[in-house]
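Here are some worked exercises to try with the model open in your viewer. Have a go at each task before you read its solution.

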Amino acid sequence: MPRELDPTINEKSFILDALNQKLRIDGRDLDVFRELELSFGDDYGLADVRLGKTRVLARVSAEVVKPFTDRPFEGIFTITTELGPMASPAFEPGRQTEQEVLLSRLIEKAIRRSNALDTESLCIVAGQKCWQIRADVHFLSHDGALVDASCIAVVAALQHFRRPDVSIEGEKVTIHTMTERVPVPLSILHVPICVTFSFYLDGEVCLVDATLQEEQLRQGDMTITLNKFGELCQIAKAGGLAINALILLRCAKIALVKAGEIAAIVQRRLEEDAAVRVRRDNLLESKADNERA
Amino acid sequence: MSLAVHFPGETLPPLEEDEKKNTTFKVGPGLTHILPSTLIVNRAGELNIDQRKHTIWMESNGKRYVASQNDTIIATVLRSTSDSYICAIPSSNSPVSSTSQAVLPHLAFPQATKKTRPMLHQGSVVFARISLANKHIDPELECYDADSGKAEGFGELKGGFVFGVSLGMARRLLGDAKKTRLLRVKQRRAEAERRGEEYQDAGADMSSGKEVLEELGQNLSFELAVGRNGRVWVHSGDPKTTLCVMRCIQQSEFLTGKEQRQLAKEALKALGQ
């Protein structure tokens with residue numbers, strides 16, 4: 001299996017030298033994200049996120065299942081992530097690496113455990129039927145910042161997704177097709193955004209949105225997840241360089257600004273997409289406040 | 001004689017009869033020779049025929065490098081064995097480049113003996129020539145000039161920064177494009193004459209690919225090495241200069257000569273030169 005080529009001695013010393021002078025290889029400032037591109041698929045629940053050369057695709061789907069017996073009033077929400085050779089030839093299919101475990105746990109904590117999705121709204125008949133929402137994350141190209149990109153992809157796809165409408169008459173549950181009734185959006189409680197910081201030169205320099213090359217050289221990293229209101233969901237720091245409280249505070253402040261910016265971009269793209277859909281699918285006619293024949 | 005795009009698997013039509021009979025053509029990359037006289041395309045691209053040098057080859061851009069003999073390349077040392085260094089030849093795919101392995105014998109340096117060989121460590125960058133390339137075994141590298149036996153710039157590249165450009169861009173930086181272009185202009189002119197038309201050089205401001213370097217070289221001092229595997233090494237005293245050169249080269253790939261000069265001028269201005 002081809003192993004990822006480590007940065008050469010020249011690249012290593014050059015990048016660190018440049019960082020010492022506050023220069024990055026791609027010309028960004030230290031606390032600037034690469035350009036975020038977000039697009040949606042033709043049908044609901046497909047989000048394609050590009051951060052520079054990193055590309056992540058998230059697909060949300062729903063099916064009706066029996067809820068867990070210990071949580072009869074809640075629906076089920078799962079996120080699956082798999083790093084395959086599509087992203088980088090260094091990733092083997094089927095075998096979980098440490099990086100992959102950390103990545104999936106980070107995203108899980110950021111989105112599922114922070115209650116971004118209201119699982120109680122997914123209940124159809126208590127103890128018998130509920131919606132299972134599944135988010136599949138596909139990594140198409142790996143140029144660093146996989147956590148940040150996949151978090152954006154999942155929250156965007158969740159907000160974009162529409163599940164079929166359901167009506168209940170006594171014991172009988174009817175799931176209406178997408179054409180029969182207007183599908184309903186999921187109930188999203190808040191939009192968490194991950195911002196990953198990379199530390200260099202014993203914590204003197206910290207970068208956001210590191211590229212793959214920068215990630216390979218970092219001494220430590222830390223992920224802060226929060227929403228645009230500044231509600232902190234997690235701070236994840238799995239080993240690496242120890243950093244002091246002042247730097248942590250500075251990172252948190254940067255993260256708040258970045259989360260606001262990213263959430264705004266996601267929101268704007270969702271609105272643009274919705275506007276296109278209304279025109280394309282004649283959705284104005286299907287609104288409840290219209291007269292029906 | 002005309003320039004044409006061909007796809008893999010196509011059989012080339014028989015070559016036009018030359019004035020000189022019985023000339024043998026050299027078959028270059030992208031073509032497979034099947035005896036006695038069939039040529040099959042194995043890489044999509046433009047067919048080039050140089051009647052003067054009796055060569056025929058396919059020209060196309062790509063990112064994955066396949067080793068071929070006498071190419072000068074930039075490789076990375078992976079590890080050392082008892083008698084040779086195992087190197088990786090990176091291609092220019094990004095963000096993660098695919099690599100192929102190559103062998104660089106300890107004695108393949110100018111005047112190297114067992115005691116005086118240069119010490120290379122894991123992650124060192126070397127500028128080398130491929131001395132042996134075969135489909136079935138790993139290629140072999142050499143760090144001296146084949147004619148003189150001297151270093152002539154080959155060997156370890158110290159300091160600086162290495163980045164990738166497409167294989168076509170690397171060839172252009174090495175000056176191949178000029179040859180190809182001259183050839184094309186000549187071919188087009190001959191074609192136009194045959195049809196009895198006036199020839200117009202439509203590609204007058206086409207790029208030779210090196211304008212950006214010429215412009216930068218007049219104002220900045222830096223060292224540069226280009227490998228045919230799509231890797232470029234730049235070294236200068238100041239990281240800012242190195243980054244400026246790197247960005248100019250990367251951005252100039254699809255620009256004409258005029259635009260390249262413009263780009264370099266603006267970059268120099270931004271650098272404060």
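**Exercise 1.** Is Gln111(B) buried or exposed, and where does Gln111(B) sit in chain B?

*Solution.* Keep in mind that this is a predicted model. Start by counting neighbours: Gln111(B) has 11 other C-beta atoms within 10 Å. The cut-off for exposed is 12 or fewer, so Gln111(B) counts as exposed. Next, place Gln111(B) on the chain: it falls in the loop between strand 9 (99–105) and strand 10 (125–132) of chain B. Finally, check the backbone. Gln111(B) is not a glycine, yet its phi is positive, at about 50°.

**Exercise 2.** Run the same checks on His54(B): what is the sign of its phi, which strands flank its loop, and how many other C-beta atoms lie within 10 Å?

*Solution.* Phi first: His54(B) has a positive value of about 55°, although it isn't a glycine. Then the loop: His54(B) lies between strand 5 (45–50) and strand 6 (55–59) of chain B. Last, the count: 13 other C-beta atoms are within 10 Å of His54(B). Buried needs 20 or more and exposed needs 12 or fewer, so His54(B) comes out as partly exposed.

**Exercise 3.** Which residues does the cis peptide bond in chain B join, and where is the proline?

*Solution.* Look for an omega of about 0°: the bond between Leu35(B) and Pro36(B) has it, and this peptide bond is cis. Now go along the chain. Pro36(B) belongs to the loop between strand 3 (31–34) and strand 4 (38–41) of chain B.

**Exercise 4.** Sketch chain B as a whole: what are its secondary structure, its box and its domains?

*Solution.* Begin with the elements: chain B has 5 helices and 15 strands. Its C-alpha atoms fill a box of roughly 65 × 50 × 35 Å along the principal axes. The domain assignment splits chain B into domain 1 (1–60), domain 2 (72–158) and domain 3 (160–273). The C-alpha centres of domains 1 and 2 of chain B are 32 Å apart. Of the chain's 273 residues, 30% count as buried. As for contacts at a separation of 6 or more, 65% of those in chain B link residues 24 or more positions apart.

**Exercise 5.** How far apart in space are Lys179(B) and Thr241(B), and how far apart are Phe127(B) and Leu224(B)?

*Solution.* Take the lysine pair to begin with. Lys179(B) is in helix 2 (residues 176–195) of chain B and is partly exposed, with 14 other C-beta atoms within 10 Å. Lys179(B) and Thr241(B) are 62 residues apart in sequence, and their C-alpha atoms are 30 Å apart.

Now the phenylalanine pair. Phe127(B) is part of strand 10 of chain B and counts as buried, with 22 C-beta neighbours inside 10 Å. Phe127(B) and Leu224(B) are 97 residues apart along the chain, with 11 Å between their C-alpha atoms. Leaving out residues up to four places away in sequence, Phe127(B) touches several others, among them Thr72(B), Ile74(B), Phe154(B), Ala225(B) and Gly227(B).

**Exercise 6.** Which parts of chain B touch chain A, and how do the residues on that side divide by class?

*Solution.* Count both sides: 22 residues of chain B are in contact with 23 residues of chain A. Strand 8 (84–90), strand 13 (161–164) and helix 4 (239–251) of chain B each supply at least two residues of chain B's side. Helix 4 of chain B gives the most, with 4 residues. By class, that side has 10 nonpolar, 10 polar and 2 charged residues.

**Exercise 7.** Which residues have the most contacts inside the largest nonpolar core, and which helix gives the most to this core?

*Solution.* The largest nonpolar core has 114 residues, and Ala153(A), Val154(A) and Val126(B) have the most contacts inside it. Helix 3 of chain A gives the most to this core, with 11 residues. Domain 2 and domain 3 of chain B each add at least three residues. To zoom in, take Val154(A): beyond residues up to four places away in sequence, its contacts include Ala58(A), Ile79(A), Ile107(A) and Val137(A).

**Exercise 8.** At what angle do helix 3 and helix 5 of chain A cross, and which residues make the contact?

*Solution.* The axes of helix 3 (residues 146–160) and helix 5 (residues 245–281) of chain A come within 11 Å and cross at roughly 35°. The crossing is right-handed. Helix 3 of chain A brings Ile152(A), Val155(A), Ala156(A), Gln159(A) and His160(A), while helix 5 of chain A brings Ile262(A), Val266(A), Leu270(A) and Asp273(A). By class, this contact has 6 nonpolar, 2 polar and 1 charged residues.

How values were computed
Residues are numbered from 1 along each chain as its sequence is written. Chains are lettered from A and ligands numbered from 1 in the order in which they are written. This is a predicted model: local features need pLDDT of at least 70, side-chain atom pairs count only at pLDDT 80 or more; totals for chains, interfaces and linings use all residues. Axes are lines fitted to C-alpha atoms, for helices over the stretch in contact, and angles run from 0 to 180 degrees between N-to-C directions. A crossing is left-handed if the near helix is turned anticlockwise from the far one by less than a right angle, and right-handed if clockwise. Two residues are in contact if their C-beta atoms, placed from the backbone, lie within 7 Å. Ala, Val, Leu, Ile, Met, Phe, Trp, Tyr, Cys and Pro count as nonpolar, Asp, Glu, Lys and Arg as charged, and the others, Gly among them, as polar. A nonpolar core is a set of buried Ala, Val, Leu, Ile, Met, Phe, Trp, Tyr and Cys residues joined through C-beta atoms within 7 Å. Domain bounds come from an automatic or database domain assignment.
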